[in-house]
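Ready to practise reading a structure? Have a look at the one below, then work through the exercises.

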Amino acid sequence: MTGDTHYDLEILAELAEGLLDDATALEVRSHLAICDACGESLAGLAAVRELLSAVPVTAMPLGVAMRIDRALESEAERGGLRLVETPDWDEIMKDSPWEQPVEPAPTAPVVPLAARRKKTRGRAWAMPVAAAAAAAVVFGGVGLATQIVASGSGDGGVTVAGPAVSPEKSPLKTAESAWAVRASGHNYTSRELNGPLLGYFGPEPGTGTNTDAQTDKCVAHKANELDRQPIAVDQAFYNGQDATIMAFWEDKTINAVRVVVVGPDCHNLRPEGLATWN
Amino acid sequence: MLTRHIEGDTTAFSEIVKRHRDRMWAVALRTLGDPDEAADAVQDAFVSAYRKAESFRGDAAVTTWLHRIVVNACLDRMRRKSVRPVADDELIEAAERDMPLPDQTAEREVSLEVTAALKLLPADQRAALVLVDMMGYSVEDAAAVLDVPAGTVKSRCARGRAKLAPILSHLRNRTDLTRVSSPKGAQLRDG
């Protein structure tokens with residue numbers, strides 16, 4: 001007890017976990033029966049559990065999955081997996097308490113809108129079929145984790161309406177308001193946005209249109225300001241905030257892209273910066 | 001059934017990656033509270049698991065094995081950073097200092113504040129709370145992952161919650177948490 005008046009939080013937390021011996025537990029419970037302040041403290045401890053459990057789960061960002069693929073491929077090239085025999089993973093894991101799929105919570109603040117709509121495992125993609133196929137080809141070659149990404153564009157993606165644009169027809173060439181919008185859900189850091197960006201945005205150039213009129217309008221606005229079309233757009237996060245990340249060629253000959261990061265209101269979340277593309 | 005589709009060990013390991021990467025990411029991100037650090041930790045963990053695969057015994061739960069590697073990778077990172085335990089006063093001051101901007105949504109604010117508060121806890125308490133309270137694993141499962149007795153997990157959780165309670169108390173009114181107070185209190189009072 002503190003000052004012969006109340007029990008401290010640690011004692012109350014231990015009571016809640018059943019860690020106190022019977023005599024102490026009885027003593028604390030007797031006190032709780034007459035002490036509102038300690039009852040409030042106990043409720044506060046329960047609230048901590050609720051708060052922690054309410055933090056949403058997010059899928060692994062594409063950039064991280066690709067990094068891991070590359071690292072594991074490097075390991076494979078060095079000598080391959082050294083398992084004596086291949087275990088039957090299905091059998092081993094069938095009773096696992098962790099085999100329930102990870103689903104983003106509907107109210108998840110760090111889950112992209114597209115993912116929230118679909119409530120699918122993994123990330124959501126908003127890109128035309130042609131571009132998705134192109135991405136599947138590229139990512140399929142990477143293997144491992146990105147195999148899920150490629151398949152995710154089929155069952156977890158958002159079908160994009162609007163005119164199909166041939167992958168060969170770069171927005172840079174056509175000067176149409178057409179671009180691929182992805183929703184990777186990746187939480188970009190300033191360092192990552194210095195590039196290289198190809199690993200995050202996928203194959204260049206992205207083409208297509210976006211069904212989200214507000215994002216479309218914002219991208220068109222920025223494209224107009226810079227007098228060029230974006231080569232890639234990703235609906236994701238920047239330092240934990242909802243963000244649309246746009247990449248425009250600054251100087252293709254030196255692999256330089258201009259990166260624009262805006263919030264939902266289309267205002268810049270960071271000063272425009274230059275980055276490398278690949 | 002899976003083994004029929006497996007051609008070679010690399011494919012077998014890719015299956016592990018596919019099955020577990022989102023969950024491993026969630027554990028690492030919550031434990032470390034930083035996407036860059038979490039990405040490094042998960043990558044280290046998968047590469048480490050790949051290298052240690054020959055030591056894996058088929059009678060052990062691969063999920064426990066993999067979780068343990070990821071959690072240890074996170075704990076190693078935290079310890080390398082020499083995060084010292086801090087006093088309660090410092091915890092509260094730090095939480096107030098890290099208060100999110102007022103224009104952020106309530107949900108995002110809660111999430112960010114919880115993440116910031118967790119980062120102030122000692123590594124062992126943070127790891128226990130991530131597994132039990134955030135990931136929803138049983139104390140026994142968390143104990144298997146952390147390779148400590150169940151009582152130790154309970155104790156770490158209790159101490160961690162006791163530290164977090166004053167820091168996060170102002171969030172109670174912003175979430176639908178009223179239902180947890182009275183029944184829980186009554187249950188404990190009544191034994």
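**Exercise 1.** Work out the handedness of the crossing of helix 4 of chain B and helix 8 of chain B, and describe how they pack.

*Solution.* Start with the handedness: this crossing is right-handed (the near helix is turned clockwise from the far one by less than a right angle; anticlockwise would be left-handed). The helices are DSSP runs of H or I with at least four residues, numbered from the N terminus. Next, helix 4 covers residues 62-80 and helix 8 residues 139-146, and they pack at about 65° with axes 8 Å apart. Axes are lines fitted to C-alpha atoms over the stretch in contact, and angles run from 0 to 180 degrees between N-to-C directions.

Keep in mind that this is a predicted model, where local features need pLDDT of at least 70, side-chain atom pairs need 80 or more, and totals for chains, interfaces and linings use all residues. Residues are numbered from 1 along each chain as its sequence is written, while chains are lettered from A and ligands numbered from 1 in the order written.

**Exercise 2.** Which residues of helix 4 of chain B meet helix 8 of chain B?

*Solution.* On the helix 4 side, pick out B:Thr64, B:His67, B:Arg68 and B:Val71; they meet B:Ala144, B:Val145 and B:Leu146 of helix 8. Contact means C-beta atoms, placed from the backbone, within 7 Å.

**Exercise 3.** Is A:Val28 buried or exposed?

*Solution.* First find A:Val28 in helix 2 (residues 22-34) of chain A. Then count: A:Val28 has 22 other C-beta atoms within 10 Å, so A:Val28 is buried (20 or more means buried, 12 or fewer exposed, in between partly exposed). Finally, beyond four places in sequence, A:Val28 contacts A:Tyr7, A:Ile11, A:Leu15 and A:Leu20.

Conventions: Helices (H or I, at least four residues) and strands (E, at least two) are DSSP runs, numbered from the N terminus. Two residues are in contact if their C-beta atoms, placed from the backbone, lie within 7 Å.
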